[in-house]
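Colleague: Pick one part of this model for me, please, and take me through it slowly. I'd like one connected story rather than a tour of everything.

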Amino acid sequence: LRCSRVAAYPVAGSRLHRVGAMSEAAKACTIRTKKFITNPLLQRKQFVCEVLHPNSAGIPKSELQEKLSKMYKVSDPQTIVLFGFKYAFGGGRSTGFALIYDDVTAMKKFEPRHRLLRAGLTKPKTGARKQKKELKNRLKKLRGIKKAKTRSSG
């Protein structure tokens, strides 16, 4: 028995053939917000975000940020943080968390470093882990001016 082969080239009307299919899917998706809380201590609004996206695998977070910025009239979409999205079995729906900070400074102050890295607001740590540990152990043995010189030279 031979298996029938599927065409390796994109066929008209197939998912591969459509250009910009994700942006069309983002337009077709609907966003619901649940458990909306205004948190003045952390200078943000926080809520559970439910996205209904029938006939598409998922919506990029960047497009969700744009939609939420229009919904809540946020001037800078960079202050919106989306994370923890889980896709429902069977597809068509995903739920996650969303935070809308009052400004970027509040976001830098309260948001964890790994999420700031994803947003592009901080730079990743440089240098190898082993080199940092070796420097730390060398500095343990030194005191005063020698310690400062060693730290500055790297």
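Modeller: A quick definition to start: helices here are DSSP runs of H or I with at least four residues, strands are E runs of at least two, and both are numbered from the N terminus. Also keep in mind that this is a predicted model. The part I'd pick is the loop between β2 and α2, where N55 lies, together with what sits on either side.

Let's come in along β2. Of its 9 residues, 7 are buried, so the strand is largely enclosed by the rest of the structure. It has β1 as an antiparallel partner, with 8 bridges joining the two; I37, for example, is bridged to Q46 in β2. These two strands make a hairpin with 4 residues between them, and Q43 in that turn has a positive phi of about 55 degrees. β2 also pairs with β4, again in the antiparallel sense, over 9 bridges. On that side, K45 stands opposite I100 in β4.

Now the loop itself. Is H53, which is found there, buried or exposed? Buried: its relative accessible area is 1%. Leaving out residues up to four places away in sequence, H53 touches C29, G58, I59, Y87, G92, R93 and S94. There is a polar partner too, since a polar atom of the H53 side chain lies 3.2 Å from the backbone oxygen of S56.

N55, in the same loop between β2 and α2, makes a contrast: at 81% relative accessibility it counts as exposed. Its backbone deserves a look as well. Most residues other than glycine have a negative phi. N55 is not a glycine, yet its phi is positive, about 65 degrees.

Past the loop comes α2, spanning residues 61-71, with L64, L68 and S69 as its buried residues. Viewed down the helix axis, these fall within an arc of 140 degrees, so they line one face of α2. That fits the usual geometry: an α-helix has 3.6 residues a turn, so residues three or four places apart point the same way. What do the buried residues of α2 pack against? The strands β1, β2, β3 and β4, so β2 turns up here again.

One last stop is K73, which follows α2 and is found in the loop between α2 and β3. K73 is another non-glycine with a positive phi, about 55 degrees, and at 75% relative accessibility it counts as exposed.

Technical notes: Residues numbered from 1 in each chain as written. Predicted model: local features only at pLDDT ≥ 70, side-chain atom pairs only at ≥ 80, totals over all residues. Heavy atoms only, no water. Buried < 20%, exposed > 50% of the residue type's maximum accessible area, 1.4 Å probe, protein only. Arc of directions from axis to C-beta. Contact = heavy atoms within 4.5 Å. Polar contact = N/O pair within 3.5 Å; in protein donor to acceptor, adjacent residues only side chain to side chain. Pairing = 2+ DSSP bridges.
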